[in-house]
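Colleague: I should like to go through this model with you, one question at a time. Please reason from the atoms in each case and close on the value or name requested.

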Amino acid sequence: MSDNSSKWYYQPSTGTVFQGKKTGWDDRMGPYDSEEEARAAMEKVAERNKAADDWDEEGDDWGVAEK
């Protein structure tokens, strides 16, 4: 296993950024290489969710007959 004590994490329940595994896996996102990356965690989640939603919506009319 790798040592992630120098890595950065984001805690969604509090919005806290910290170094090292200080919380349980169910309330921790990461690891990130920098504090800045950890602070941007929720922005990255929002971007990925939007991309997934857009991709999912592309197939929403698959059952509609063409005229």
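Modeller: Before the questions, one criterion is needed: a charge sits over a ring if NZ of Lys or CZ of Arg is within 6 Å of the ring centre and within 35 degrees of the ring normal. Please also bear in mind that this is a predicted model.

Colleague: Which residue lies over the face of Tyr 9, and at what distance from the ring centre?

Modeller: The limit on distance for a charge over a ring is 6 Å. Over the face of Tyr 9 lies Arg 28, and its distance from the ring centre is 5.3 Å.

Colleague: What is the order of helices and strands along the sequence?

Modeller: The chain contains two helices and three strands. Read along the sequence, these elements give the pattern β-β-β-α-α.

Colleague: Which residues form the aromatic pair, and is the pair stacked or edge-to-face?

Modeller: A search of the whole structure returns one aromatic pair. Its members are Tyr 9 and Phe 18, with 6.1 Å from centre to centre and 20 degrees between the planes. Planes under 30 degrees apart count as stacked, so the pair of Tyr 9 and Phe 18 is stacked.

Colleague: Is Tyr 9 buried or exposed? And is Phe 18 buried or exposed?

Modeller: Buried means under 20% relative accessible area. Tyr 9 has 1% relative accessibility and therefore counts as buried. Phe 18, at 8% relative accessibility, also counts as buried.

Colleague: Which residues make up the largest nonpolar core?

Modeller: In soluble globular proteins, nonpolar side chains tend to be buried together. Here, strand 1 (8–11) and strand 3 (29–32) each supply at least two residues of the largest nonpolar core. Tyr 10, a member of that core, is in contact with residues including Val 17, Met 29, Tyr 32, Ala 38 and Ala 41. The seven residues of the core are Trp 8, Tyr 10, Val 17, Met 29, Tyr 32, Ala 38 and Ala 41.

Colleague: Where is the cis peptide bond?

Modeller: Most peptide bonds are trans. In this model, an omega of about 15 degrees accompanies a cis bond. Pro 31, one of the two residues involved, is found in strand 3. The cis peptide bond joins Gly 30 and Pro 31.

Colleague: Is Gln 19 buried or partly exposed?

Modeller: Gln 19 belongs to strand 2 (residues 16–19). Leaving out residues up to four places away in sequence, Gln 19 touches Ser 5, Ser 6, Lys 7 and Trp 8. Because its relative accessibility is 35%, Gln 19 counts as partly exposed.

Colleague: Which residues does the UniProt annotation "domain: SPOR" cover?

Modeller: The annotation comes from an unreviewed UniProt entry. The span it covers is 36% helix and 22% strand, and its end C-alpha atoms lie 20 Å apart. According to that record, the "domain: SPOR" annotation covers residues 13–48.

Definitions and conventions:
Residues numbered from 1 in each chain as written. Predicted model: local features only at pLDDT ≥ 70, side-chain atom pairs only at ≥ 80, totals over all residues. Heavy atoms only, no water. Helix = DSSP H or I, 4+ residues; strand = E, 2+ residues; numbered from the N terminus. Phe/Tyr/Trp six-rings, centres within 6.5 Å; stacked < 30°, edge-to-face > 60°. Buried < 20%, exposed > 50% of the residue type's maximum accessible area, 1.4 Å probe, protein only. Core = buried A, V, L, I, M, F, W, Y, C linked by side-chain atoms within 4.5 Å. Contact = heavy atoms within 4.5 Å. UniProt positions renumbered as here; feature names shortened; annotations may be inferred.
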